[in-house]
Amino acid sequence: MKSSRCKAFRSAILHLLGDPGHDFPPQQQVEYLEDGVLVVENGHITQIGSADSLLGQLPADCELETFPDQLIIPGLIDTHIHYPQTDMIAAYGEQLLEWLETYTFPTEKQFSDSALAREVADFFLDELLRNGTTTALVFGTVHPASVEAFFSAAEARKLRMIAGKVMMDRNCPSDLQDTPESSYQESKALIEKWHKRGRLLYAVTPRFAPTSSPEQLTKAGQLLREYPDTYLHTHVAENPAEVAWVRELFPTSRSYLDVYQQHGLLQPRSVLAHCLHLDDTDKQCMAESGAAAAFCPSSNLFIGSGLFDLHAAKTWGMRVGLGTDVGAGTSFSLLQTFADAYKTMQLLGNKLSPYQGLYLATLGGAEALYLDDKIGNLVPGKEADFVVLNFRGTPLLERRLQHCHSIHDKLFALMMLGDDRSVAATYILGERCK
Ligand SMILES: [Zn+2]
């Protein structure tokens with residue numbers, strides 16, 4: 001047994017120190033070490049620098065691992081995903097409301113079964129790690145057992161994960177309905193048991209306005225007041241038919257977003273998936289409240305919901321993270337999700353640099369989740385969750401990269417063409433887990 005738990009990792013290293021914006025080149029916020037060393041002690045980063053400067057200073061018993069021709073980046077952060085939808089990913093032919101009725105609700109009914117929930121949670125978390133995702137904000141189902149299974153599986157892997165029980169008391173099958181009071185009590189019990197246990201955090205999770213009564217949304221707001229450092233996780237303004245339905249269900253609200261604001265659900269640590277059909281008042285409200293949008297381009301394209309205007313959101317000062325939204329999104333890979341984000345931006349006449357993409361998937365995601373003091377980049381003091389990317393993950397990528405001469409161009413090719421095959425290893429608290 002060694003006296004020190006020092007480990008050092010030598011590789012090319014790339015991370016963001018802040019939002020690189022849309023300017024090019026955004027040098028100040030990008031730290032790239034062509035031959036770098038990352039030093040980890042007791043699960044936390046203690047040093048980062050060039051191999052020249054750090055190798056000579058390492059303690060004699062420090063273990064050194066070297067990754068030639070690979071790239072260390074921070075662990076990727078998925079700000080919106082549904083673990084119970086793992087088995088219904090890539091379901092054919094519907095838009096949001098029909099997709100929920102046809103595929104989602106029948107699948108989610110099965111999660112009253114703890115054993116099934118745990119088996120899916122184990123597969124789901126391993127799939128995240130295979131794709132380099134180390135933190136995610138995760139929907140359970142209406143069943144408390146689904147969240148118990150998820151948190152147990154995440155705890156076993158020492159992961160920093162945020163999750164919650166769906167609150168849903170109307171406009172869904174009767175065996176998926178709770179009540180305002182039962183959803184409050186069940187959420188409260190889960191918060192008491194799991195919130196801030198190890199690296200785990202709880203999100204109060206009303207599915208979306210159509211499936212919660214005003215009484216239930218009021219209860220969700222009560223939970224946030226009683227437990228002010230929990231999260232709020234929901235969907236907003238994803239699909240035009242859904243937006244019209246919310247207008248009928250909440251006729252006194254100015255907008256869909258306003259339904260949540262009226263119930264005290266917009267605050268720092270509120271994460272709203274999609275935000276596709278917001279007006280300027282809504283965007284200003286998002287920015288001023290400190291809430292964050294989860295940009296889920298793969299899902300938005302797959303179920304035909306619309307195009308998220310990232311440029312406008314950033315101009316309004318909104319916090320934005322990147323989400324896969326599996327099972328409406330079609331990949332667990334945030335590299336593939338970047339590729340869809342890039343194409344979405346092209347259709348809106350904007351660019352998305354690979355640095356901005358990496359920021360969204362790492363430090364930007366951490367800022368959206370108010371976890372940037374713990375994760376998101378590789379500065380000393382942060383938790384040592386990181387990913388080793390393989391420049392030769394596929395024959396095509398290896399061939400394309402022979403023609404890329406800057407880290408900008410290499411990163412762009414990696415993010416457009418890469419997927420789980422590009423992830424050579426994933427480390428949690430400095431320990432290899434994939
Ligand atoms: Zn979703």
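Welcome! A good place to start is Glu 108, whose side chain makes a polar contact with the side chain of Arg 207 at 2.9 Å (a pair of N or O atoms within 3.5 Å, where one must be able to donate a hydrogen and the other to accept it, and residues adjacent in sequence count only if both atoms are side-chain atoms). This is a predicted model, where local features need pLDDT of at least 70, side-chain atom pairs count only at pLDDT 80 or more, and totals for chains, interfaces and linings use all residues. Residues are numbered from 1 along each chain as its sequence is written, and side-chain values use heavy atoms, leaving out hydrogens and water.

**Around Glu 108**

- Glu 108 is buried, with a relative accessible area of 0% (buried means under 20%, with a 1.4 Å probe and protein chains only).
- Beyond residues up to four places away in sequence, Glu 108 touches Pro 84, Gln 85, Thr 141, His 143, Leu 176 and Arg 207 (contact means heavy atoms within 4.5 Å).

**The zinc site**

- His 80 (NE2), His 82 (NE2), His 235 (NE2) and Asp 325 (OD) coordinate the zinc ion at 2.0 to 2.3 Å (donors are N, O and S atoms within 2.8 Å of the metal, or 3.2 Å for Na, K and Ca; water is not among the atoms, so sites may look incomplete).
- Along the sequence, the donor residues follow the spacing H-x1-H-x152-H-x89-D.
- Two of them, His 82 and His 235, link distant parts of the chain, being 153 residues apart.

**Burial of two donors**

- His 82 is buried, at 2% relative accessible area.
- His 235 also counts as buried, at 6% relative accessibility.

Note on methods
Buried < 20%, exposed > 50% of the residue type's maximum accessible area, 1.4 Å probe, protein only. Helix = DSSP H or I, 4+ residues; strand = E, 2+ residues; numbered from the N terminus.
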